[in-house]
Amino acid sequence: MNQLDILIPFALPPAELARDLLRQCQAPALAMLLGRGKAAAPRQSHDPFSRALPHEHWLAQRFGLPAPAQDSSPAAAAALMQQLGHTPQAGHWFVLHPAHIHVARDHLVLTDIGQLQLEEDESRRLFAAALPLFTEIGHELVYGDARTWFIRADAWAGLRTSTPSAASGRNVDIWMPEGPGELAWRKLQNEVQMQWFAESLNEQREMRGQKAINSIWIWGGAGNGAMAQSAYAGSFGLRGWMRAFGAETGDTGAAQVVQGSGQRLLVLDALAEAALAEEWGLWLQHLQHLDRDWLAPLLVSLRAGSVDAIELILSGPDRLTRTAVTRGSLRRFWRPASLAGLAA
């Protein structure tokens, strides 16, 4: 079957805001798909304090990453290393992100790493400044790209970590690593923070109105054999850590996505930044643009038979829904277009 799976993280707003937001929402194509489609699986509820978000758990399961023994972030490090051009050697690897942590009223908060605008030359300077701290204690540090580094820490296998998106905007104490290597990690993190505090680079960033890079975030622990399995004939929109499941596709449009055959995946992540920042007016704008630029033309393609079926995978901070839509289901004129599914 020529099927397109569309994953839209953060499409399900928080329950306490959903009704008011949906009254203002203008997304007719999404409303048609949800109204005429049917549930492809029961709604999944997730622990709001899980160390990964629902869509992150779904991706990890869909692409066959090994499930952590306890609640932890997806085992993505080795697969992401491979996609960034490195062959992970034997041992246990973690993903590292240069990060910004700021002081709230009575706790520390992690900023969404997607907002940091970290350039390649800046990241290289920070990497070089931090490298001796890792080498001194026997941990290999590998540069992936400006936002993504890797650390080998065999003795930390079993360390329970949180994805940056799960922790963003929240009290970091709740989301800090726990388990083997916990104290060693905190000591290393503190040393890196002190090293970077003196970096003139951060002064220059703050003068430009950008956030200082004042910490690092660890997650995604995996052995070198934890590789993603091919689940689709083609994948589009894989950015950030989702590149663990395939190469970044660059600029594509709805017309390119429906070409070809087999089951394909499209990730539309335009809502993430606004949702993590709780900028709900901006979230409404992005959803409107997503509906106009992506879902409306894909709905036309479904009606025309360019694609046989669409499955919408929509997630929020604590739940995930799946809705299947076919050409035949679009003829159910007695079922009105509705966005009520976003509040389910």
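1. The cavity. His97, Pro98, Ile113, Leu116, Leu118, Ala146 and Arg147 line the largest cavity of this predicted model. The space inside that cavity is about 30 Å³. A search of the whole structure turns up one cavity of 30 Å³ or more. By class, its lining has five nonpolar residues, one polar and one charged.

2. The largest pocket. Its volume is about 680 Å³. The lining of this pocket counts 26 residues. Nearest the centre are Gly114, Arg147, Arg239, Gly240 and Asp269. Arg147 is worth marking, as Arg147 also appears in the lining of the largest cavity. Three elements should be located next: α3 (54-62), α6 (164-167) and α11 (272-276) each give two or more residues to the lining of the largest pocket. The largest share comes from α11, with three residues.

3. Character of that lining. How many residues of each class line the largest pocket? There are 10 nonpolar, seven polar and nine charged residues.

4. The second largest pocket. This one has a volume of about 490 Å³. Its lining is made of 25 residues. Ser168, Ala275, Leu276, Ala277 and Glu278 are the closest to its centre. The elements giving two or more residues to this lining are α1 (15-24), β5 (108-110), α6 and α11. Helices α6 and α11 were also named for the largest pocket. By class, the lining of the second largest pocket divides into 13 nonpolar, seven polar and five charged residues.

5. Aromatic pairs. The count comes to 13 aromatic pairs. Take Trp149 and Trp196 as one example: their rings meet edge-to-face, 6.0 Å centre to centre, with 90 degrees between the planes. Why does this pair tie together parts that are apart in sequence? Trp149 belongs to strand β7 (residues 148-152) and Trp196 to helix α8 (residues 182-197), so the pair ties together parts that are 47 residues apart in sequence. Trp149 and Trp196 are buried.

6. Another tryptophan pair. Trp156 and Trp185 are also edge-to-face. Their centres are 6.3 Å apart, and the angle between the planes is 80 degrees. Trp156 sits in the loop between β7 and α6, while Trp185 is in helix α8. The two are 29 residues apart, and the pair links distant parts of the chain. Are Trp156 and Trp185 buried or exposed? Both are buried.

7. Cluster and charge over a ring. One aromatic cluster is formed by Phe63, Trp219, Tyr232, Trp241 and Phe245. Elsewhere in the list of ring contacts, the charged end of Arg124 sits over the ring of Tyr143, 3.7 Å from the centre of that ring.

8. A buried salt bridge. The count of salt bridges comes to 13. In one of them, the side chains of Arg205 and Glu122 meet at 2.9 Å, N to O. Arg205 is part of helix α9 (residues 200-207) and Glu122 is part of helix α5 (residues 120-136), so this pair ties together parts that are 83 residues apart in sequence. Arg205 is buried, and Glu122 is buried too.

9. A partly exposed salt bridge. Asp154 and Arg152 join their side chains in a salt bridge of 2.8 Å, N to O. Asp154 has a relative accessible area of 40%, so Asp154 counts as partly exposed. Arg152 has a relative accessible area of 27%, so Arg152 is partly exposed as well.

10. A salt bridge within one helix. Where do Glu191 and Lys187 lie? Both are in helix α8, four residues apart, about one turn of the helix. Their side chains meet in a salt bridge of 2.8 Å, N to O. Glu191 is partly exposed, at 24% relative accessibility. Lys187 is exposed, with a relative accessible area of 51%; the cut-off for exposed is over 50%.

11. A network. Which residues are linked in a network of salt bridges? They are Arg51, Arg160 and Glu178.

Technical notes:
Residues numbered from 1 in each chain as written. Predicted model: local features only at pLDDT ≥ 70, side-chain atom pairs only at ≥ 80, totals over all residues. Heavy atoms only, no water. 1 Å grid on protein atoms, 1.4 Å probe; cavity = no way out; pocket = protein on both sides within 12 Å on 5 of 7 lines; lining within 4 Å. Points joined across faces, edges and corners; volume = space filled by probe spheres on them. Nonpolar A, V, L, I, M, F, W, Y, C, P; charged D, E, K, R; others polar. Phe/Tyr/Trp six-rings, centres within 6.5 Å; stacked < 30°, edge-to-face > 60°. Buried < 20%, exposed > 50% of the residue type's maximum accessible area, 1.4 Å probe, protein only. Lys NZ or Arg CZ within 6 Å of the ring centre and 35° of its normal. Salt bridge = Lys/Arg side-chain N within 4 Å of Asp/Glu carboxyl O.
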